[in-house]
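Colleague: Before I plan anything around the aromatic rings, could you take me through how each label was reached?

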Amino acid sequence: MKTVSENACFGGTQGVYSHASKATGTEMTFALFLPEEAQDGPVPILWFLSGLTCTHENAMTKAGAQAWAAEQGIAICFPDTSPRGEDVANDEAYDLGQGAGFYVNATQEPWSPHFKMWDYIAEELPALIAANFAVDTDRQSITGHSMGGHGALTLAMNLPGRFRSVSAFAPIANPTASDWGRKQFSAYLGDDEATWAKHDASLLMADVGFDGPVLIDQGADDQFFDLLKPAALASAMMQKRQNGILRMQKGYDHSYFFIASFMEDHVNFHAEALWA
């Protein structure tokens with residue numbers, strides 16, 4: 001593992017690191033904020049999964065999460081959204097290929113050699129961080145935005161007992177019924193739609209739900225509202241009687257201004273579960 005940068009931040013350290021990934025077969029970069037308390041021992045960790053076109057840097061610099069994480073004494077990890085490099089398959093469209101991994105393990109060519117983002121986020125990166133930083137992996141929560149909200153919700157429901165809480169900002173909530181999902185799933189996973197279900201938050205919510213609290217924030221003026229399909233997730237939460245809240249935020253769109261406006265609520269929501 002290589003240290004790209006480390007900066008003092010709200011009494012703690014905002015670092016950026018790179019490493020050779022066995023899951024993706026590429027060099028991967030991630031950002032990790034450690035609060036001051038990490039100097040004295042392991043702290044809980046919150047994962048933030050970013051959306052389409054993003055790298056580790058977008059949420060690190062725009063979400064305003066570090067101030068609230070420092071206040072609560074928790075770490076935050078910002079992974080990249082896909083493998084990258086000249087030898088990694090890509091597409092001219094912004095919503096497929098590099099920057100658009102969709103947090104799945106691709107089984108179809110040309111994506112399958114490198115696009116193993118499920119294994120990377122679920123297994124490899126947590127193990128790497130646990131081995132190298134003062135992080136308590138028995139206390140984990142997860143959140144994300146858009147494609148990353150999709151990833152956060154599907155990881156949380158597919159890995160019962162792993163995360164204390166899950167939240168999302170404007171998640172792609174019903175990808176099997178949306179152009180943001182059907183396009184990518186058919187490319188990465190093939191045409192057998194039965195393999196898609198484990199990556200659809202609304203289907204998972206109706207089937208198994210989540211064994212902890214859920215918080216969803218959705219901008220009412222989101223320009224991608226019809227692609228996100230939050231109503232399907234809301235209906236599934238009601239059907240499952242899920243312990244959770246879905247809030248429609250009047251006047252807010254899909255941008256990082258929306259995320260930054262409610263980041264304090266999300267960090268505090270997770271901190272309550274992480275320190276319980």
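Modeller: Let me begin with the term buried, which is used for a residue with under 20% relative accessible area. Please keep in mind that this is a predicted model.

Colleague: Why is Phe 262 called buried?

Modeller: The relative accessible area of Phe 262 is 10%, and the cut-off for buried is under 20%, so Phe 262 is classed as buried.

Colleague: What makes the pair of Tyr 252 and Phe 262 edge-to-face?

Modeller: The planes of Tyr 252 and Phe 262 are 70 degrees apart, with 4.9 Å centre to centre; since pairing requires centres within 6.5 Å and edge-to-face requires an angle over 60 degrees, both conditions hold. Tyr 252 lies in the loop between β9 and α9 whereas Phe 262 lies in helix α9, so the pair ties together parts that are 10 residues apart in sequence.

Colleague: Why is Tyr 252 described as partly exposed?

Modeller: Its value is 29%, and partly exposed covers what falls between the 20% and 50% limits, so the label follows for Tyr 252.

Colleague: How do you know that a charge sits over the ring of Trp 118?

Modeller: The charged end of Lys 198 is 5.0 Å from the centre of that ring, where the distance limit is within 6 Å; the rule also asks for a position within 35 degrees of the ring normal, and Lys 198 is listed as sitting over the ring.

Colleague: Which residues do ring pairs link into a cluster?

Modeller: The cluster consists of Phe 48, Phe 78, Phe 169, Tyr 252, Phe 258 and Phe 262.

Note on methods
Residues numbered from 1 in each chain as written. Predicted model: local features only at pLDDT ≥ 70, side-chain atom pairs only at ≥ 80, totals over all residues. Heavy atoms only, no water. Phe/Tyr/Trp six-rings, centres within 6.5 Å; stacked < 30°, edge-to-face > 60°. Helix = DSSP H or I, 4+ residues; strand = E, 2+ residues; numbered from the N terminus. Buried < 20%, exposed > 50% of the residue type's maximum accessible area, 1.4 Å probe, protein only.
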